[in-house]
Amino acid sequence: MATDQYGRPLPEGTVARLGTVRAGREGDRVSAVSFAPDGKTLASGGEDGIVRLWDTTTSKEIRRFGEHPRKVGAVAFTPDGKTLLSGSHDGIVMVWEAATGHEISGFEAPAGVLAFHPAADSKSFLAVLTDDTIRTYDLPNGTEIGQRANPFGGLSAIAFSPEGATVATGSWESMIRVCDFASGAEIKQLQGHKRSLQSLAFSADGRTVVSGSPDETIRLWELLIGKERWQWGGHKEGILAVAFSPDGKRLAAAVNDTTVLLYDVTCRPTTKTPTRVPATLMPSQLEPLWKDLASDELPQAFLTIWNIVSFAKQMVPFLKTKLKTLVPIDKQRVATILADVGHDQYGRRDKAVQDLEKIGALGEPMVKKALENPVSMDARRRLDKVLEKMQGPVPSPDTLHVLRCIEALELCNTAEARQMVEALGKEVPPTRVSLEAKASLARMMKRPVTAV
């Protein structure tokens, strides 16, 4: 069993523990966590009002930043990693120089649920949500830039997606709602927790939400289909705060025992004598990974994504050959299916609709084109329903297969993976797949190419 720097056993899936268990000293409980852009440093804020920096490699505390009058509700680094922001539940927001701990400035905001907007430009801001209002403040100077009614109601947790337009919200109920921040419109519901939500965070690619709760679990959610993709349980103390590392490979979770646990999101063995992992895959093992990528069993699909990353040298070229069976789509086949939508036989019409729904967003441009031509009322009704599903929140099987492949390729980030993602983004007119590929490529270009 893996142990921490003091020889204490680590829970399954964890690679390190920051801090020491100090039973009975609730003032030292960690209430907020955030990784620095380099992924090697973690900031934590406690119920004692103290902000700390940790070295995630050595598990040692680096420095402390003054003291807030009350519990720290949120911490965040600026995109360059040079400045650290912390917000207290009494409405005091502090701006710190990360390298020295020097206080740069501070300002007041109403007490409420805090969320730092992650944008890497002048649109970065702090959102403070009370039961009635949302107030936004320019960073780092603290000038109030907006105020509006709160469409989300009373919240216990909120987190911005990387692009900042979407939020995940949690309340004292067990429901997680993913919403448009500007309008408050609900996009998805994530259900599974048994108790209230204490903390939420998005992965850097925006595809996964992590949630922590007093129900003793940490859960990862796949936003593509709105279901749980992984879970770590058995935290008898409950989870108070969560955060993803920038590369998506680690997760920080503040436990109610005053410590922070670091999890290996890639789900690799963490014992000192782990099951032997082969250096390469056998040719017969490649095809099963491709099939498992589209599995309805989300934990299996999630493990598959990280297995692809682990064996990128073999899997990326193999995925290139497999994607050719889906993208670009066989336009002649789709044309034949579209013709059958208006067939005289009822069974042929139903089969055509089922085939189009399986193809999903990949066939969206051709379905739109077909609707521009004269078709029967029945065919138009069927095609309208097909198009509605293609543009709906849940991807079709083929679309899901390609989107998960793009996720894996982004995490691989090899030169060949970049070329593949770039090619997928060139679809004209744009589809859900091409838009996802373009967004992935933009993130990949900000990171060094991974050598294989």
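**Close-up views of the predicted model**

**View 1. Trp221 stands opposite Glu228 in β21.** Everything here comes from a predicted model, in which local features need pLDDT of at least 70, side-chain atom pairs count only at pLDDT 80 or more, and totals for chains, interfaces and linings use all residues. Residues are numbered from 1 along each chain as its sequence is written, and side-chain values use heavy atoms, without hydrogens or water. Strand β20 (residues 218-222) runs antiparallel to β21, and five bridges link the two. Strands (E, at least two residues) and helices (H or I, at least four) are DSSP runs, numbered from the N terminus; pairing takes at least two DSSP bridges.

**View 2. Here is the sheet that holds β20 and β21.** Four strands make up this open, antiparallel sheet, in the order β18-β19-β20-β21. β18 (199-202) and β21 (227-232) are the edge strands; each has a single partner, so one side of each has no neighbour in the sheet. From one strand to the next, the twist averages 20°. Helix α2 (residues 298-310) packs on the sheet and touches β20 and β21, with its direction at about 75° to that of β21. Axes are lines fitted to C-alpha atoms, for helices over the stretch in contact, with angles from 0 to 180 degrees between N-to-C directions.

**View 3. Leu190 sits in strand β17 (residues 186-190) and is worth a look for its contacts.** This leucine is buried, at 0% relative accessible area (buried is under 20%, exposed over 50%, partly exposed in between, with a 1.4 Å probe and protein chains only). With neighbours within four places in sequence set aside, Leu190 is in contact with Ser174, Met175, Ile176, Val178, Val209, Trp221, Leu223 and Gly226; contact means heavy atoms within 4.5 Å. One of these partners is Val209: it lies 19 residues from Leu190 along the chain, and their C-alpha atoms are 9.6 Å apart. Trp221, the residue opposite Glu228 in View 1, is among the contacts too.

**View 4. β14 and β15 form a hairpin with five residues between the strands.** The strands β14 (residues 157-160) and β15 (residues 166-170) are antiparallel and share four bridges. Look for Phe160, whose bridge partner in β15 is Val167. Side chains alternate along β14: Ala157 and Ala159 point one way, Ile158 and Phe160 the other, and all are buried. In the same hairpin, Gly164 adopts a positive phi near 90°.

**View 5. Another open sheet of four strands follows the order β6-β7-β8-β9.** Its pairing is antiparallel. The edges belong to β6 (72-77) and β9 (103-108); with a single partner strand each, they leave one side without a neighbour in the sheet. Ignoring direction, neighbouring strands here are turned by 15° against each other on average. Inside the sheet, β7 (residues 83-88) and β8 (residues 92-97) are joined by five bridges, and Thr83 stands opposite Glu97 in β8.

**View 6. Three loops are worth a visit for their backbone angles.** Between β12 (133-138) and β13 (144-149) you will find Pro140, which follows a cis peptide bond from Leu139, with omega near 10°. The loop between β23 (250-255) and β24 (260-264) holds Thr258, which has a positive phi of about 85° although it is not a glycine. Thr258 is buried, at 5% relative accessibility. Finally, Asn413 lies between α8 (397-412) and α9 (415-424). Its phi is also positive, near 55°, and Asn413 is buried at 0% relative accessible area.
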